Amino acid sequence: MLRAIQGIYMLRPVWAVLLSLLAGAGLIAIAGVNPGEAYAALFGGAFLDYYGLASTLAKMSPILLAGLAVIIPLRVGLLNIGAEGQIYMGGLFSSMAALLLPEMSPVVQVPLCVLAGALGGGLWGLIPGYLKAYRGINEVIITILLNFIAINLVSYVAGGPMMQEGAPYPYSEEIREGLWLPYIMPHTDAHLGVVVGIVLCVVAWFVFRFTTVGFGLGMIGKNPVAATYSGIRVRRNVVAVMFVAGAIGGLAGTFEVLGLKHRLYHLFSPGYGFDGIVVAFLAQLSPLMAPVAAFFLSGLKVGGLIMQRAVGLESTVVEAIQGLVIIFVAASLAFRFDRGNWRRFLERRRLLDAGIAGGITNNSGGRS
Amino acid sequence: MTAQGLRLEKISKTFGDFKALDGVDMTVPRGTVHAILGENGAGKTTLMNILYGLYQPDGGRILIDGAPQRITSPRRAMELGIGMIHQHLMLVETLTVVENVVLGLPGQGMRLSLAEHARKLEALAKSFGFDIDPHQEVWKLPMGMRQRVEILKVLYRDANLIILDEPTSVLAPSEVEGFLEGLRRLRAAGKTIIFISHKLDEVAAVADRVTVLRRGTVSADLAVAGTPPSEMARMMVGRDVVLTTLEKTSPTSDEVLVRIRDLKARDNRGNQALKGVSFDIRAGEILGVAGVDGNGQAELAEALTGLRQAEGGTVELSGEDVSAAGVYERRHRLGISFVPEDRHGTGLVLDLPVYQNAMIRDFRESPFSSGPMLRAASARKVAEDWVKRYDVRLQSVDQAIRFLSGGNQQKLIFAREVECRPRLLVIMQPCKGLDVGAIEAVHRTVLAERERGTAILYISTELEHILSVCDRVAVMCAGRITGIIAPEEATPERIGALIGGLEEEKVA
Ligand SMILES: Nc1ncnc2c1ncn2[C@@H]1O[C@H](COP(=O)(O)OP(=O)(O)OP(=O)(O)O)[C@@H](O)[C@H]1O
Ligand SMILES: [Mg+2]
């Protein structure tokens, strides 16, 4: 029984999501639409329809990678708000490698583009990491500020030096087809990025759980003084972790460019870096849960659009529902499980049950 | 019998399947000092946490002045006039002393005059013979000073029932005297005091009655007057504790293993805390460092282990200058082990299970890992072995170490730092919070290490312990070593004079 309650407790983000959808149903009803129909459109469109599922998977690629770029540093006690900027830098560096380098065989150039993108994002993570470790400057502020720089840098490049001649708004030349990422579902946008994301999640889980490096990193997150005491070079590790996180954020941007957009657009990420923060909390910092959380969140976004079109809901309602999900989940995570409380509650119930049972047999005994 | 005061009836508390308290009865009449004794893990802190509203009992009731009370939270406890000094310090390190004291003080309204509080606090401190700067930030203070803040915090609240969970573990003997005197004055003023300590002489000096807990039950409840300390110890442990001086042979070798010359370092405040310290330790020798806490001992230990950057001077190990080595190199290549004084902040990761805390020092080495991979199963086996041999009382090595009693946490740290077979073992306040049986066990282990040829630096404010195990005793005062003497010549008077040099300076 206690085990069952613990299980229910572990799944509390799921309950929160269900509750928020219930609350969202109220909103939809107020907007004058049948909630059942609306949700059928949403979930049917996002997860059950071939093309819808493909769109969900395409969206999941940057959201999942950004989520991982938040989860890894957070487990080491660092708050990376800069995944958005890292996405932009990844997109910038990879498209430069794709468009400005002399044409090579794709077997060489694709990895080169991916590497460049990772490096660009990594650099954007390295800066706050270094400032945190060696100058004691808060990484939250620096990562936020670097977001603005990266976004504007891409706008400048895509609207200036790399802009396609005659384009109606800032975007670069198209990347040649040989450098595109392979698709995983024929005739759709779903590309390999999401697969790489899932693989990286499994790798991260493995590292934290089974390796000495991961153990040391976890220790920094839980007690940095004890980590120093055990001989871990905390500063160096902080820099390294921020570099890796930045690189993963960079991959999110890289795959977005090489897999989906095939050009460097200005403002090409509509805040995937911030969705990554939501994924991190939905997954409760577990790299294994991150794909599930990212899949759900992407589905909500894709399905929201479909629902909007299918039943004629205003986009504000759709956005409100997404907001509700986030608030409910955050609140559910603040709810703490006190084993003792539940145990006492259960014990009282058992006593009560025993009392009732005893009373009945006594009565019947008395009668016979 | 008067109903005035505190009565606990049949208090029980279970954690999981473990009965931490099992039907504990206790009566504390108003205006008395009541001591609680018991081995590490006997349930003393748990009982007090229940009284302070941090835990709810599974059974039994609490009566205050005859009326049953449900103490649902510390706030409720405070309303009932109960104050508690916790075994582990609960201070906000980034706030100043007076801010910590005022924090959560009821009835402050919108206007808060820190200056006035500071003045009152200073007066209070003086009346207890504590010397403290109310405007200093807590993180800059040495541990002994922090303990004084913790004590003042409760006294300042004007509680009627004061719970003291091992309040004197890092106070110097001279301070303890003033503190006990203060307790007597509080008793005279009609306050009720519950006093937990492992130091039987303190209990004998101030307490009226004593309750002895053993494995969650009351094993004795008696008047202190007329009970010899050895009898108390027997009731605590359940067998005779022979407080013999341990057998010791002369140092096994003449080889100087550690050579420290003119070591200098700053403390957290940026003051020169180590002002040029020099000494040698031979292989198989225990050098004690005595002195009032906060005279550079912590900085010495940290500079030796690499946790604190030295500003000058040299550290040599077997003739090799290791001054430039980092923590990792010192711990692994050079074989320096360290039992730090702050076990929660430095020595442990409270959220990790016991077996992972056992591998904090050597997790990159066999048997805890092979290559880059952790070996959880063998780490568990090692931890289980240590738990058995060092008598760590726990339910399972997979339990978060946070839930072990203070003394048992200390035993695990000790096991970890000794079992790696170090060349130099730096131990600081190793017996803090340990019961008499465990202290004896620690000292046996230290002596066994000495036999093995380890150089040992034993830093403590407990003069008695130092004199009973050390080969030579260095006395530290204001960042300097004022003298190094052999225990035979170290009459308490002579050491007291070396330490006392500082006191005179400070008072003047
Ligand atoms: N929250 C908890 N969860 C599980 N076990 C606990 C918890 N708190 C205490 N215990 C267990 O209860 C027992 C009593 O612990 P307690 O801290 O009361 O001991 P103590 O008498 O204060 O010992 P010490 O002298 O070492 O401080 C210990 O075995 C401890 O492991
Ligand atoms: Mg205790």
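The legends below describe close-up views of a predicted model.

Residues are numbered from 1 along each chain as its sequence is written, and chains are lettered from A and ligands numbered from 1 in the order in which they are written. Because the model is predicted, local features need pLDDT of at least 70 and side-chain atom pairs count only at pLDDT 80 or more, while totals for chains, interfaces and linings use all residues; side-chain values use heavy atoms, with hydrogens and water left out.

**View 1. The interface between chain A and chain B.** Contact, defined as heavy atoms within 4.5 Å, involves 20 residues of chain A and 33 residues of chain B. The two chains bury about 2000 Å² between them, 66% of it on carbon and sulfur atoms, where buried area is the accessible area (1.4 Å probe) that two parts lose on being put together, summed over both. Of the area that chain A buries against chain B, 39% is supplied by Thr212(A), Phe215(A) and Tyr229(A), more than by any other three residues. Helices H8 (193–210), H9 (212–222), H10 (224–229) and H15 (339–367) of chain A each give two or more residues to the side that touches chain B, and H9(A) gives the largest share, five residues; helices (H or I, at least four residues) and strands (E, at least two) are DSSP runs, numbered from the N terminus.

**View 2. Chemical character of the interface between chain A and chain B.** The count of residue pairs in polar contact between the chains is nine, with both residues at pLDDT 80 or more. A polar contact is a pair of N or O atoms within 3.5 Å; within protein, one must be able to donate a hydrogen and the other to accept it, and residues adjacent in sequence count only if both atoms are side-chain atoms. The count of salt bridges between chain A and chain B is zero, a salt bridge being a side-chain nitrogen of Lys or Arg within 4 Å of a carboxyl oxygen of Asp or Glu.

**View 3. An aromatic pair that crosses between the chains.** Rings of Phe, Tyr and Trp (its six-membered ring) pair if their centres lie within 6.5 Å, and planes under 30 degrees apart count as stacked, over 60 as edge-to-face and the rest as tilted. The rings of Phe215(A) and Phe363(B) have their centres 4.9 Å apart and their planes at 65°, so this pair is edge-to-face. Phe215(A) belongs to helix H9 of chain A, whereas Phe363(B) lies in the loop between helix H12 (354–358) and strand S17 (369–370) of chain B. Phe215(A) is buried at a relative accessible area of 7%, and Phe363(B) is also buried, at 2%; buried means under 20% relative accessible area, exposed over 50%, and partly exposed in between (1.4 Å probe, protein chains only).

**View 4. Backbone features in the loop between H12 and S17 of chain B and around H12 of chain A.** Most residues other than glycine have a negative phi, and most peptide bonds are trans. In chain B, the peptide bond from Ser366(B) to Pro367(B) is cis, with omega near 5°, and Pro367(B) is found in the loop between H12 and S17. In chain A, His262(A) has a positive phi near 60° and lies in the loop between helix H11 (234–261) and helix H12 (272–282), where His262(A) counts as buried at 5% relative accessibility. Leu267(A), with a positive phi near 50°, is placed in the loop between H11 and H12 of chain A. H12(A) is mostly covered, with nine of its 11 residues buried, and just after this helix Gln284(A) takes a positive phi of about 50°.

**View 5. Salt bridges within chain B.** Glu9(B) forms a salt bridge with Arg61(B), the closest N and O atoms being 2.9 Å apart. Glu9(B) is in strand S1 (residues 5–15) and Arg61(B) in strand S4 (residues 59–64), so the pair ties together parts that are 52 residues apart in sequence. A salt bridge of 3.1 Å, N to O, joins Arg389(B) and Asp385(B), which are four residues apart in helix H13 (residues 376–389) and thus separated by about one helical turn. Asp471(B) forms a salt bridge with Arg450(B), with the closest N and O atoms 2.9 Å apart; Asp471(B) is buried at 13% relative accessibility, as is Arg450(B), at 2%.
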